[in-house]
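Student: Hi! I have a new model open on my screen and would like to talk it through. Could you help me find my way around?

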Amino acid sequence: MNGKRLRSPAAALVVLTMLLVSGCAGSAPQRTDGKTAVRISQAFQSLLYLPLYVAKEKGYFEEQNIHAEISTGGGGTQSWTAVLGGSADFSIQDPVFVPKSHENGGPGVVVAAIQNAPSVFVIGRENNDGTLDNSSIFEGKKVAVSPEPDTSWAFMTYLIEQDTLRDVSLVNVALGSELAAVASGQADYALSFEPTVSQAVVDQNLDVVYSFAANPSWNPFAFSSLTSTDRYLQQNPEAAQGVVTAIAKAARFIYSEPEATVDIATEYFPDLSREVIEAAVQREIEAKGYAEDVTVTRQSWDNNMRISLFTKNIAAYPSDATSYENNVNTDLAANARTALATD
């Protein structure tokens, strides 16, 4: 989900990339220093993808004999298309692109969790309730969301239906302007993502009034995942394992060394104050957003597919194309867990 768009690739684009992939995948190139070059395309530069940056800066990829080349696609569609087209070996985005590819007869596999919670938060002027999982606060209120079918619209619409909330008015605003709707009095609450949430708390004295991650029926959630193709994994087993192990080690580092993690984050997000970054990282840690174990579990998959089906981003669930068994490879994560247990 990645806090952005739920839109899937256009049908013509899917067909094109399916044709491209048959001729572009192959063994990973070896550099002159003996390391394997691995290309990772991220949908956005995002605090939600912090394990990727920690793995890079802490040298965990190098420990696995990998030279990681990170690029930014500008959206989930672009990053996943880079994998299908052969210009990237892995991508990081909403994992729904993999079952969507399967529904169109294409390849894809999900190999590791990056963001393992539904990292969507609701901002308001004050949290009178004192809790983060009481959905009744929305009744009789105006809630700013980005337009259908974006993530905040999907989450709020599903929550209203799930909890039978009454008299909730959704205020559709342009993506990125949700908080302005609260500041101007256009809405009582607004759904948003990090680091915007912490900017609102630190810089605008707003409060977090609800957390989807605090709702046990939504958590865990396969929000952002590391994805590739079975062909790449089969042709490059050591490189694939190395990537997953490095990211798993980085996720463990985030929880054990939060201040050092903030140091790394400040290098990647120089336009944010350290106070905002500290608040954002801490909120993600408390929400268990970063995957402590990078295994994409069946429950986290089910929760994503439930929302994806609700938004019609997939045609059916469960089905052969969308099932957990046909989309998720847990072997690499399990091997990483074993390796790190003795590290």
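Tutor: Happy to! A nonpolar core here is a set of buried Ala, Val, Leu, Ile, Met, Phe, Trp, Tyr and Cys residues joined through side-chain atoms within 4.5 Å. Keep in mind that this is a predicted model.

Student: Okay, which residues touch the most other members of the largest nonpolar core?

Tutor: Those are Phe61, Phe90, Phe138, Met156 and Leu226, in a core of 95 residues. Helix H10, residues 237-256, gives the largest share of this core, with 11 residues.

Student: And where does this core lie relative to domain 1 and domain 2?

Tutor: It lies between them, because residues come from both domain 1 (34-115 + 219-338) and domain 2 (119-216).

Student: Let me zoom in on Leu226. What is it in contact with, leaving aside its neighbours within four places in sequence?

Tutor: Its contacts include Phe90, Ser91, Ile92 and a run from Val109 through Val110, Val111 and Ala112. Ile114, Val243, Val244 and Ile247 are also in contact with Leu226. Apart from the largest core there is another one, of 17 residues, and Val182, Ala187, Ala190 and Val208 are among them.

Student: Switching to helices. How do H6 and H13 cross?

Tutor: The axes of H6 (residues 151-162) and H13 (residues 298-310) come within 10 Å and cross at roughly 95°. Angles of 65 to 115 degrees count as roughly perpendicular, so that word fits H6 and H13.

Student: Which residues make the contact?

Tutor: On H6 they are Ala154, Phe155, Thr157, Tyr158, Glu161 and Gln162, and on H13 they are Arg306, Ile307 and Phe310. By class, that is five nonpolar, two polar and two charged residues.

Student: What about H2 and H11, at what angle do they cross?

Tutor: Roughly 100°, with the axes of H2 (residues 50-57) and H11 (residues 258-268) coming within 10 Å. That makes H2 roughly perpendicular to H11. Leu50, Tyr53, Val54, Lys56 and Glu57 of H2 meet Thr261, Ile264, Ala265 and Tyr268 of H11.

Student: Back to the end of H6. Where is Asp163 found?

Tutor: Asp163 sits in the loop between H6 and strand E7 (169-172). It counts as partly exposed because its relative accessibility is 31%, and partly exposed runs between 20% and 50%. Its C-alpha is 8.4 Å from that of Ser136, 27 residues apart along the chain.

Student: Last one: how many residues of H4 are buried?

Tutor: Nine of the 10 residues in H4 (residues 76-85) are buried, including Trp80, Val83 and Leu84. Gly86 follows H4 and has a positive phi, near 90°.

Conventions
Residues numbered from 1 in each chain as written. Predicted model: local features only at pLDDT ≥ 70, side-chain atom pairs only at ≥ 80, totals over all residues. Heavy atoms only, no water. Axes fitted to C-alpha atoms, helices over the stretch in contact; angles between N-to-C directions. Helix = DSSP H or I, 4+ residues; strand = E, 2+ residues; numbered from the N terminus. Parallel < 35°, antiparallel > 145°, perpendicular 65-115°, else oblique. Contact = heavy atoms within 4.5 Å. Nonpolar A, V, L, I, M, F, W, Y, C, P; charged D, E, K, R; others polar. Buried < 20%, exposed > 50% of the residue type's maximum accessible area, 1.4 Å probe, protein only. Domains from an automatic or database assignment.
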